[in-house]
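I opened a fresh page for this structure. My plan is to look things up one at a time and write down what I find.

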Amino acid sequence: MIPLQAEALDISFKLLPAILVFLMMASFLVIGYVFKVADTEGMWVAGRGIGNIENGMAIGANWMSAASYLGLAGLVALAGFYGLAFIVGWTTGYFILLIFLAAQMRRFGKYTAPDFVGDRFNSSTARALAAFTTLLIAYVYSVGQARGMGLVGQYVFGLDIVPMIVVMMTITVGYLALSGMLGATKNMAVQYVILIVAFLAGVYVVGFTQGYSTVLPQIEYGALINDLGREFSEPFRGASYYLWVATAFSLIFGTCGLPHVLVRFYTVKSERTARWSTVWGLFFILLLYWAAPAMAAFGVNLFEQTQGVSAYAAEGGMSGAEGDVIVVLAAQFANLPTWFVGLVAAGAMAAAIATTAGLFITASSAVAHDIYTELINPDASQRQQILIGRLTIIAIGALVTVTAFNPPALIGELVGYAFSLAGVVLFPMFFLGLWWENTNRQGALAGMTVGLLLWITSIINSVLPNYIDSLAAVAGEGGAIVPIYAQYVPPIGAALVGTPLVFIVTIAVSLATPEPPLETKRLVRQCHSPEPMGQQQTAEDVVASDGGETPADD
């Protein structure tokens with residue numbers, strides 16, 4: 001199948017934007033080389049030495065993916081008020097992280113999300129399930145990033161989308177395989193500065209030059225809503241209120257289950273730093289999310305003015321690919337200098353690369369640390385672990401690249417699938433594992449299995465018919481094999497049904513089976529202790545040296 005193209009995008013080689021992008025990519029490779037790692041501590045958790053502002057910027061860059069920089073405005077432009085579910089979901093989740101998980105995760109102090117699941121529930125099977133889920137999340141999430149890189153690369157270099165995806169992913173994989181988490185974190189801080197400056201510059205300049213806004217485009221864009229009322233409300237009528245709630249719910253709790261977000265709390269010096277880096281991360285995220293609806297409104301209006309057709313897709317207007325690059329199109333339609341549009345495009349690439357970095361590092365650690373070292377070869381040397389990690393980055397990079405040639409959905413929707421999976425399978429394990437000491441191995445295994453089955457059947461039911469002819473024949477015009485299941489358990493909103501179900505199953509099975517050992521309970525209690533811990537210390541270290549006393553025993 002031919003990948004969906006953005007017909008309105010000016011696809012031609014542009015010298016100044018190309019130089020901008022080249023210098024940006026070269027700086028990422030240099031930073032990756034300077035901070036290259038030779039040990040697992042630096043590869044997976046950056047030596048646990050990252051400060052709160054730097055980690056907050058890394059959280060922001062991790063978060064400001066192509067889905068946020070490009071896809072969020074595209075979703076608002078194409079789906080109207082339904083697109084706001086993404087803004088609500090992707091920000092609200094951080095408050096739950098801040099209150100319930102950030103400091104406690106840092107005190108538990110492992111390398112990876114599967115590491116937490118395996119050690120907390122004393123189960124190699126649970127570790128394997130969590131590692132498999134982590135790989136699935138990284139794969140689905142990264143496809144959207146690769147597609148974003150390809151679409152923006154088309155504007156800058158004038159090549160077909162397929163070679164652009166290959167080139168951009170090759171550069172990303174190269175610097176990640178070299179640098180690990182330490183170099184990725186240093187790069188993320190730089191990438192955040194690039195992307196936020198580029199995005200805000202685009203919003204302000206487009207708004208001012210076109211007469212949409214003067215000082216605060218984030219608020220003043222509301223004057224356009226009367227003109228664009230049809231485009232921004234009609235698609236919402238096609239998306240039920242249930243889907244809006246289900247999407248927002250999945251994104252909120254998916255945020256709290258994403259391995260590449262949670263691993264940021266393992267990289268910091270202390271639990272206090274973990275909390276403050278979350279606050280800083282929220283502030284840095286706010287800067288973009290507050291402005292994204294404005295850019296969507298500007299882009300939609302400019303599309304209608306320049307193309308002479310309604311932007312509403314149902315009337316032959318904007319395609320999905322054009323929605324995915326509405327941020328770049330807005331700057332292009334505003335007749336801004338080519339170098340300036342190139343700056344906006346470079347910001348999109350920085351966003352996609354930063355998130356891909358976090359995803360690939362968590363995927364590589366899941367394979368090298370959680371599967372290879374913990375389950376296959378416990379005597380693996382650090383050199384062997386890093387080699388396996390780098391090979392994993394290359395392998396998943398190749399798989400993501402091929403899938404991105406013809407993805408099954410818009411960038412924002414693709415990312416939504418990954419959030420839904422994280423919210424159904426991993427969030428209940430993190431929350432119950434840290435807040436209910438009686439959650440046991442049997443409960444965790446039952447809950448994770450139910451969550452995985454529910455999400456996978458949702459994907460088979462609603463997404464795979466787009467790819468497999470035999471399933472498409474069964475699905476018919478509705479696009480889903482079982483329409484009622486697709487209605488209440490949509491891939492993008494599966495957590496609304498799935499997360500409460502997994503909680504119920506996990507709690508019920510835990511109550512019906514023996515309690516976990518006292519040692520495990522003491523680990524959980526230590527995660528809530530008011531006593532500060534050393535930079536390299538974990539709850540396990542404290543429990544091993546406290547003579548049997550825990551905060552709850554005092």
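The entries below go through charges, core, helices, rings and loops.

**Entry 1: the model**

I noted at the start that this is a predicted model.

**Entry 2: salt bridges**

I searched the whole structure for salt bridges and got seven. Side chains of opposite charge can pair when their charged atoms come close.

I began with Asp119 and Arg127, whose side chains meet at 2.6 Å, N to O. Is each partner buried or exposed? Arg127 is buried, because its relative accessibility is 4%. Asp119 has 24%, so it counts as partly exposed.

I then checked for a wider network. Asp115, Asp119, Arg127, Asp370 and Glu374 are linked by salt bridges.

Next I looked at Arg525 and Glu437, which form a salt bridge at 3.0 Å, N to O. This pair joins distant parts of the chain, 88 residues apart. Arg525 sits in helix H24, while Glu437 is in the loop between helix H19 and helix H20. Arg525 is buried at 18% relative accessibility. Glu437 comes out at 22%, so I wrote it down as partly exposed.

My third pair was Lys521 and Glu515, with 2.4 Å from N to O. Lys521 counts as buried, because its relative accessibility is 10%. Glu515 is exposed, with a relative accessible area of 51%. The cut-off for exposed is over 50%.

**Entry 3: around Ile371**

I found Ile371 in helix H17, which covers residues 338-376. Its relative accessible area is 25%, so it is partly exposed. What does Ile371 touch, leaving aside its neighbours within four places in sequence? I listed Ala131, Leu135, Ala366 and Ile376.

I also compared positions along the chain and in space. Ile371 and Arg127 are 244 residues apart along the chain, yet their C-alpha atoms are separated by 7.9 Å.

**Entry 4: the nonpolar core**

I turned to the largest nonpolar core, which has 159 residues. Which members touch the most other members? They are Tyr69, Val117, Leu195, Phe199, Val327, Phe360 and Phe430. Helix H8, residues 161-209, gives the largest share of this core, with 18 residues.

I followed Val117 further. Beyond its neighbours within four places in sequence, Val117 contacts Ala126, Arg127, Ala130, Met429, Phe430 and Met448. Arg127 came up again here, after its salt bridge with Asp119.

**Entry 5: helix H23 and Ser420**

I checked the length of helix H23. Its 18 residues reach 25 Å from first C-alpha to last, close to the 26 Å expected. Its buried residues include Ala495, Gly498, Val502 and Phe503.

Ser420 lies in helix H19. Ser420 has a relative accessible area of 0%, so it is buried. Among the residues it touches are Ser250, Trp455, Pro491 and Ala495. Ala495 is also one of the buried residues of H23.

**Entry 6: aromatic rings**

I counted 22 aromatic pairs. Tyr141 and Phe419 make a tilted one, 5.6 Å centre to centre with 40 degrees between the planes. Tyr141 is in helix H7 and Phe419 in helix H19, 278 residues apart. Tyr141 is buried at 1% relative accessibility. Phe419 is buried too, with a relative accessible area of 1%.

I set a stacked pair beside it: Trp280 and Phe284, at 5.7 Å and 25 degrees. Both lie in helix H13, four residues apart, about one turn of the helix. Trp280 is partly exposed at 30%, whereas Phe284 is buried at 9%.

I also found a cluster of rings. Phe100, Phe249, Phe253, Phe427, Phe431, Trp435 and Phe503 belong to it. Phe503 is another buried residue of H23.

One charge over a ring went into the notes as well. Lys14 lies over the face of Tyr155, 3.9 Å from the ring centre.

**Entry 7: positive phi**

Most residues other than glycine have a negative phi. I therefore marked Asn122, whose phi is near 50 degrees. Asn122 is in the loop between helix H6 and helix H7. Asn122 is partly exposed at 35% relative accessibility.

Asn335 also has a positive phi, near 60 degrees. Asn335 lies in the loop between helix H16 and H17. With a relative accessible area of 70%, Asn335 is exposed.

Conventions. Residues are numbered from 1 along each chain as its sequence is written. This is a predicted model: local features need pLDDT of at least 70, side-chain atom pairs count only at pLDDT 80 or more; totals for chains, interfaces and linings use all residues. Side-chain values use heavy atoms; hydrogens and water are left out. Helices (H or I, at least four residues) and strands (E, at least two) are DSSP runs, numbered from the N terminus. Buried means under 20% relative accessible area, exposed over 50%, partly exposed in between (1.4 Å probe, protein chains only). Contact means heavy atoms within 4.5 Å. A salt bridge is a side-chain nitrogen of Lys or Arg within 4 Å of a carboxyl oxygen of Asp or Glu. A nonpolar core is a set of buried Ala, Val, Leu, Ile, Met, Phe, Trp, Tyr and Cys residues joined through side-chain atoms within 4.5 Å. The expected span of a helix is 1.5 Å times one less than its number of residues. Rings of Phe, Tyr and Trp (its six-membered ring) pair if their centres lie within 6.5 Å; planes under 30 degrees apart count as stacked, over 60 as edge-to-face and the rest as tilted. A charge sits over a ring if NZ of Lys or CZ of Arg is within 6 Å of the ring centre and within 35 degrees of the ring normal.
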